[in-house]
Amino acid sequence: MPTPRVKIPAQAAKGEVFEVKTTIDHDMESGQRKDSAGKPIPRKIINKFVCTYNGKEVFKSDWAAAISANPYLSFFLTATESGSIELKWHDDDGQVYSASHAITVA
Amino acid sequence: MRKSVLAVSVALVVAAVTGKALADPPFDPKDPKMAPYIAGDKRSGYTFAEPETRAMQDDDFTNPGFLWVEEGKKLWSKAEGAAGKACKDCHGDAEKSMKGVGAVYPRFDPHVNSVLILEQKINQCRTERMKADEWKWDSKPLNAMTTFVKHQSRGMPLAVQADGPAAPYFEMGRRLYLQRRGLNDVACKHCHEDYWGQHLRTELLSQGMPNGFPQYRLKWQTLGTAQKRIRGCNEEVRAEPYPWGSIENVALELYATWRANGLKVESPAVRK
């Protein structure tokens, strides 16, 4: 089970722009490789990343086969209200890896 | 006329050569930022890396090697095997008990009367104390635990012992280091002692200092140990790699690590 690592400030001033840094350990198997017996290794990548801020979708990105293993992603959000930031990584096999982070906006 | 043509072509060649040199990652030995990565004449692979790769290593968050450190931290307190023990039950807090351990391996182990690398010592603990199965070479848990243990010595200078009972292994390592191998008929020392700082095709040759292992290698898209890298080097010179944990590969790791004595442990480092 991949474990996400997330770095988000615990506090922010209202209107402040802060950075969300994420990384997750995942092989991102492209589907282009073959195993030692010559059989193709099926594709298994994270194909979608979604970030919600208090239930509202604020950032979304579709990923393709050329994304590296253990993908690192960073983006910026504006602090509007206290609450939780939910991050979800959607795998090809239907699994969803998630992380949640509380933020206090003063 | 002919002379001026020659002069122009010489100028072009000089321009091509300096142009190539400019493409190398910047390195200034007097730069205080580089000081932790230099010990006397020895230079860590960090000083040969591209600035972007260095930046990845500088920030523990962007360094993907920390995914293995965190995995190792979890495994440290996980009980496994018939004895029902975890690493933690004997060794306590890894931050204290494992500090400095990574800096002295590979090391002579009197119980097995041989030199062991860290991976082998971990597996020895698992089979003898925990009564658990050995972790496979290059498996996620073995690499994670090795990285976690070695990471506790980050910033400490390598101090591997080459004399005393380790001497025969060290001599074997030195012999293998100087021995030509494979279709390309080169030895470790040709790249890493004689021609470091020069190019092998587009590759900038480093001094081959293993102070950052286990390291995340962008080419591998994963983390690997010195054992894997030595095997990779052998493949690159078109030689049959020594098996994982074989006496040859262990002796080579001992000699290569001894060469880096004095350089600080960087595990987990990030390299190209």
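Here are three short exercises on a predicted model, each with a worked solution.

Local features need pLDDT of at least 70 and side-chain atom pairs count only at pLDDT 80 or more, while totals for chains, interfaces and linings use all residues. Residues are numbered from 1 along each chain as its sequence is written, and chains are lettered from A in the order in which they are written.

**Exercise 1.** Work out how many residues each chain gives to the contact between chain A and chain B.

*Solution.* Start with the cut-off: two residues are in contact if their C-beta atoms, placed from the backbone, lie within 7 Å. On that basis chain A gives 10 residues and chain B gives 7. Next, look at the elements on the chain A side: β1 (4-7) and β3 (17-24) give two or more residues each (strands are DSSP runs of E, at least two residues, numbered from the N terminus).

**Exercise 2.** Decide whether B:P110 is buried or exposed.

*Solution.* First find B:P110: it sits in the loop between β3 (107-109) and β4 (114-116) of chain B. Now count neighbours: B:P110 has 7 other C-beta atoms within 10 Å, so it is exposed (buried means 20 or more, exposed 12 or fewer, partly exposed in between, with C-beta atoms placed from the backbone). Finally, check B:P165, 55 residues apart from B:P110 along the chain: their C-alpha atoms are separated by 8.8 Å.

**Exercise 3.** Describe how domain 1 and domain 2 of chain B meet.

*Solution.* Take the bounds, which come from an automatic or database domain assignment: domain 1 is 37-51 + 161-271 and domain 2 is 66-151. Their C-alpha centres lie 22 Å apart. Then count contacts: 18 residues of domain 1 touch 20 residues of domain 2.

Definitions and conventions
Helices (H or I, at least four residues) and strands (E, at least two) are DSSP runs, numbered from the N terminus.
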